[in-house]
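Me: Please take a close look at a single helix of this model, and then set it beside other parts of the fold. A formal, connected account would suit me best.

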Amino acid sequence: MKHEDLSAVPAQADKTKEQLIDELAEMRQRVAELEAAETERKQAEDTLRESEEKYRTLSEQSKDAIFITTRKGELSYINQSFLDLFGYTRKEIINLKAQETYVNPNDRSMFRQEIEQNRSVRDFEVKLRKKDGTEMHCLITATVRRANDGSIVGYQGIIRDITEKKLFEAQLLQAQKMEAIGTLAGGIAHNFNNLLMSIQGNASLMLLETDPKHPHYERLKNIEKSVQSGSKLTNQLLGYARGGRYEVKHISLNQIVKETSDTFETTRKDIRVHQDLDKDLSGIKADQGQIEQVLLNLYVNAADAMPQGGDLFLHTTNVTHEDMKERPYTPKPGNYALLTVRDTGVGMDKKTMDRIFDPFFTTKGLAKGTGLGLASVYGIIKAHSGYIDVESKKGQARPPRLSPAERDDGGQGTTFYIYLPAIEAKGMAQRAEGMEQEEMNPGKETILLVDDEEMILDVGQALLKALGYKVLIAGSGKEALEIYKKNKEKIDLVILDMIMPVTGGGETYDRMKEINPDIKVLLSSGYSIDGQATEILKRGCDGFIQKPFTMKELSQSIREVLEKG
């Protein structure tokens with residue numbers, strides 16, 4: 001080897017060493033970059049996993065049913081609320097297609113058309129079907145899902161069950177309709193009472209001048225009885241219109257149970273009514289019309305539970321608060337009259353029993369009930385300081401033809417227990433007897449009779465004159481005010497009609513009160529004492545008499561007002 005060749009070897013070695021060092025540095029840098037990229041990837045995966053877990057948790061905890069489907073309707077994701085809403089298990093849901101849940105297949109087509117045209121839908125209302133066949137009203141809010149190329153591959157969104165909301169809205173509409181009908185019924189009853197007043201007044205005047213031995217006397221008494229029957233009918237209409245008579249007095253619960261159940265039995269001959277009424281039952285202090293409403297509502301409720309007929313058992317007895325143990329309430333100490341109403345119907349489960357007294361709750365469907373019957377029963381009993389309990393067992397209604405032993409075996413059906421504060425029956429009888437013996441009380445005072453109905457003025461004036469009173473008449477509130485201003489010193493009492501055009505009874509009373517703060521006024525109306533009449537009485541009006549009234553009732557009401565302190 002030549003000398004110059006040998007000298008080049010160290011230089012080449014140094015160059016190779018430098019290259020190796022550079023390459024090693026590059027490799028280290030590359031490794032560091034790869035490690036950083038791996039760390040970043042892991043962090044991204046952790047973040048994604050946390051995000052997915054967070055949204056999965058939110059989805060599973062949501063009360064709304066959440067879904068993801070393909071365009072063909074295959075379910076690629078559903079949450080637990082979806083399973084709960086439709087009643088499927090996760091295993092069962094695998095083969096379910098979205099379109100299978102639609103009650104009307106056309107709704108599915110409309111949903112697809114709208115969501116693909118607008119890229120989303122909000123509150124799309126539709127009827128869907130559960131696994132057990134139950135139909136429900138739902139709202140769907142959803143958006144489309146797209147592939148990378150922008151094509152639609154499916155839909156994702158939520159389903160909300162609004163069945164209860166729809167039911168409540170329908171019940172509210174039904175209640176409003178019934179209220180409107182009630183208002184109309186109240187107006188008809190008011191006008192009819194005015195007609196009855198004319199008939200009653202004329203009959204009373206003719207009876208006053210007719211010898212009891214005259215053959216027409218009994219016919220006139222029958223006219224009075226017919227008027228009273230008509231009055232009961234109008235009072236039922238007024239009660240339906242929430243304007244019924246509210247007059248708390250001593251009454252016989254046995255008598256009301258017997259009268260109402262006898263009437264009910266004639267309308268439902270497929271239901272046999274069994275009365276077991278304690279002859280020594282204490283009386284109660286209550287509004288007769290409202291207690292009748294309670295009984296009729298319970299009868300109708302029992303009849304609905306026995307569509308093929310059955311038996312209705314009515315039992316009354318005396319109890320004390322000591323007999324009302326283990327109740328969800330603490331009864332006020334004292335004596336009670338207990339009424340038990342039991343049927344042989346289908347009964348109720350616990351879930352239904354827990355809600356039967358809730359307003360608008362009904363199991364009958366919108367066409368058959370408003371859900372107010374038992375709610376009103378509860379309200380009336382509570383308003384009378386009473387208590388109501390219910391026992392029931394769900395099952396098949398028992399056959400309508402049963403032996404006495406089978407009828408009383410305590411089987412399926414529903415039993416209501418109504419406790420009303422008792423009073424001494426003896427005192428009630430004495431009071432009733434005393435009322436029968438009361439006679440008409442004539443007078444000599446001057447009375448201003450105010451009514452916009454000419455026939456009421458005519459008969460009213462004649463009745464008052466027959467009772468010995470001097471009478472002034474006015475056909476309107478305006479005329480009454482003018483007459484009263486001129487004659488206030490000699491007018492002892494004003495009988496004032498409540499419902500009049502332009503200047504009504506309430507306004508007329510207030511303006512008369514301004515003229516004379518000590519004025520005595522007896523309010524009169526074909527409507528009941530509830531509502532507007534009560535408001536006028538609260539402002540100081542001295543009394544109220546509901547048309548049609550007899551001559552005796554008129555004379556007694558006049559004396560009560562005039563003899564007030």
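Reply: In helix H8 of this predicted model, the buried residues are Ile291, Val294, Leu295, Leu298, Tyr299, Asn301, Ala302 and Ala303. The helix covers residues 288-304, 17 residues in total. From its first C-alpha to its last, H8 reaches 24 Å, close to the 24 Å expected at 1.5 Å a residue. The N-terminal end of H8 is capped by Asp287. The cap rests on a side-chain oxygen of Asp287, which lies 2.8 Å from the backbone nitrogen of Gln290.

A further side-chain to backbone approach involves Thr316, a residue of strand E9 (residues 310-320). A polar atom of the Thr316 side chain lies 3.0 Å from the backbone nitrogen of Asp278. Thr316 has 1% relative accessibility and therefore counts as buried, the cut-off being under 20%. When neighbours within four places in sequence are left aside, Asp278 is again among the residues in contact with Thr316, together with Asn254, Asp276, Leu277, Leu281, Leu338 and Leu339.

Elsewhere in the chain, an open sheet of 5 strands follows the order E2-E1-E5-E4-E3, and its pairing is antiparallel. Strand E2 (75-78) and strand E3 (120-129) each have a single partner strand, so they stand at the edges and one side of each is left without a neighbour in the sheet. On average, and with direction ignored, neighbouring strands of this sheet are turned by 25° against each other. Within the sheet, strand E1 (residues 65-70) and strand E5 (residues 152-161) run antiparallel and are joined by 6 bridges. Thr70, for its part, has Gly154 in E5 as its bridge partner. Helix H4 (residues 105-118) packs on this sheet, where it touches E1, E3, strand E4 (135-146) and E5. The direction of H4 makes about 170° with that of E3.

The cysteines may be considered last. A disulfide is a covalent bond between the sulfur atoms of two cysteines. With sulfur atoms required to lie within 2.5 Å, the count for this model comes to 0 disulfides. Cys138 has 0% relative accessibility and so counts as buried. Cys541, at 7% relative accessibility, also counts as buried, because the value falls under 20%.

Conventions
Residues numbered from 1 in each chain as written. Predicted model: local features only at pLDDT ≥ 70, side-chain atom pairs only at ≥ 80, totals over all residues. Heavy atoms only, no water. Pairing = 2+ DSSP bridges. Helix = DSSP H or I, 4+ residues; strand = E, 2+ residues; numbered from the N terminus. Axes fitted to C-alpha atoms, helices over the stretch in contact; angles between N-to-C directions. Contact = heavy atoms within 4.5 Å. Buried < 20%, exposed > 50% of the residue type's maximum accessible area, 1.4 Å probe, protein only. Expected span 1.5 Å × (residues − 1). Polar contact = N/O pair within 3.5 Å; in protein donor to acceptor, adjacent residues only side chain to side chain.
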